[in-house]
Amino acid sequence: MTNPTLRIDDLRLGFKTWSGTIDVLHGISLHIRKGERVALVGESGSGKSVTARIVLGMLQQLKSARISGTVEFEGINLETLKPASRHALRGTAMSMSMIFQDPTSSLNPVYPIFTLFREVLQRAEPGIDTETARRKAIAALADVAINEPERVLESYAFQLSGGMNQRVMIAMALANNPALLLADEPGTALDVTVQAQTLRLMSELVEKHQTSVLFISHNLGVVREFADRVYVIYKGNIVEQGPTAGLFDNPQHPYTRALLSAVPRITGGGIPDIEDDPAQFLAPLFAHQGYSEKELLK
Ligand SMILES: Nc1ncnc2c1ncn2[C@@H]1O[C@H](COP(=O)(O)OP(=O)(O)OP(=O)(O)O)[C@@H](O)[C@H]1O
Ligand SMILES: [Mg+2]
């Protein structure tokens, strides 16, 4: 048996504040096998992004963060990796990369796309020369269906459309063929048709490269289309998990049922275009269905 790409075991997180510690994750466990696409769904504030940030090693540097539990990447306990060797992992085949929600503000506006792209490629190949970097960047952009890659490389992020920037980000995130892609609400800042197109592209690419994916989303329609397996997180607890089809057809936990019943039924094929904000619809829904918080956390 090979190691899963990612294994999280009993992960706990709290933030220390002047009035005591606020617990955010209460011992979550999950794993992603090689080439598997796993979704983490839950309402706003449930702890999805902090989980991804811990995996990337971004929260560990925060003085107020109290973290315990295990995070293993390809069988290596990330705690045993010193920050320097962790940094060296970034952007190499033994690495992970992340796609954020808002592509335009995630791309540094001060440099043209080519400079940003070369930096990404240098993480895997520090001595890469300009011509090779340009060739690789052009190939990566062509992979995400960008028609004029040369022009895009000369441009700055603010000169490109949101959809174009999202494709650039996907191309960058996958350029070094990472083992794990963390996609936190990718494209929700874009309009729905552009979001659907870019997700489809991302889907094709991860399939081609057998990339493991942790896909964070509010949008259950997209999750159903994209994920092999789903974890449902509620207030820092994983309340249910299972293969996507089974979980959608026969949800066991009241919170999952509430989430699902709040989404219009999807009948057609393809990635549906539903914009939703669980924070807005869940509260009245819970009241309506008569669930108390205690029942939801059972
Ligand atoms: N640096 C921090 N200091 C204190 N609390 C934090 C910090 N970062 C996150 N939190 C809290 O942790 C909880 C989980 O946040 P997180 O960003 O993971 O939510 P989320 O599930 O990603 O929500 P959304 O769907 O809105 O993105 C929230 O209550 C948030 O306020
Ligand atoms: Mg988030």
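Ligand 1 is surrounded by 13 residues in this predicted model, and Ser44, Gly45, Lys48, Ser49 and Val50 are the closest of them. Helix H1 gives the most to that shell, with three residues. The points below start at the ligand, move along H1 to Thr51, and end at His26 in strand S2.

**Around ligand 1**

- By class, the shell holds six polar, four nonpolar and three charged residues.
- Ser44 places an N or O atom of its side chain 2.5 Å from an oxygen atom of ligand 1.
- Gly45 takes part through its backbone: a polar atom there is 2.8 Å from an oxygen atom of ligand 1.
- Lys48 uses its side chain, with a polar atom 2.8 Å from an oxygen atom of the ligand.
- Taken alone, ligand 1 exposes 640 Å², and the protein buries 62% of that area.

**Helix H1**

- H1 covers residues 48-56, and seven of its nine residues are buried, leaving the helix mostly covered.
- The buried residues are Lys48, Val50, Thr51, Ala52, Ile54, Val55 and Leu56.
- Lys48 therefore appears in two roles here: it is one of the buried residues of H1, and its side chain has a polar atom 2.8 Å from an oxygen atom of ligand 1, while buried means under 20% relative accessible area with protein chains only as cover.
- Just after the helix comes Gly57, with a positive phi near 80 degrees.

**Thr51, inside the helix**

- Is Thr51 buried or exposed? Its relative accessibility is 0%, so Thr51 counts as buried, the limit being under 20%.
- Beyond its neighbours within four places in sequence, Thr51 is in contact with Ile8, Leu25, Ile28 and Leu40.

**His26, in strand S2**

- His26 sits in S2, a strand that runs over residues 20-32.
- How does the accessible area of His26 place it? At 34% relative accessible area, His26 is partly exposed, because that class lies between the 20% limit for buried and the 50% limit for exposed.
- Not counting residues up to four places away in sequence, His26 touches Leu11, Arg12, Lys235, Gly236 and Asn237.
- One of these partners, Lys235, has its backbone oxygen 3.5 Å from a polar atom of the His26 side chain.
- His26 and Gly47 are 21 residues apart along the chain, and their C-alpha atoms are separated by 9.7 Å.

How values were computed: Residues numbered from 1 in each chain as written. Chains lettered and ligands numbered in written order. Predicted model: local features only at pLDDT ≥ 70, side-chain atom pairs only at ≥ 80, totals over all residues. Heavy atoms only, no water. Helix = DSSP H or I, 4+ residues; strand = E, 2+ residues; numbered from the N terminus. Buried < 20%, exposed > 50% of the residue type's maximum accessible area, 1.4 Å probe, protein only. Contact = heavy atoms within 4.5 Å. Polar contact = N/O pair within 3.5 Å; in protein donor to acceptor, adjacent residues only side chain to side chain. Near = heavy atom within 4 Å. Areas by Shrake-Rupley, 256 points an atom, 1.4 Å probe, with all protein chains shown as cover. Nonpolar A, V, L, I, M, F, W, Y, C, P; charged D, E, K, R; others polar.
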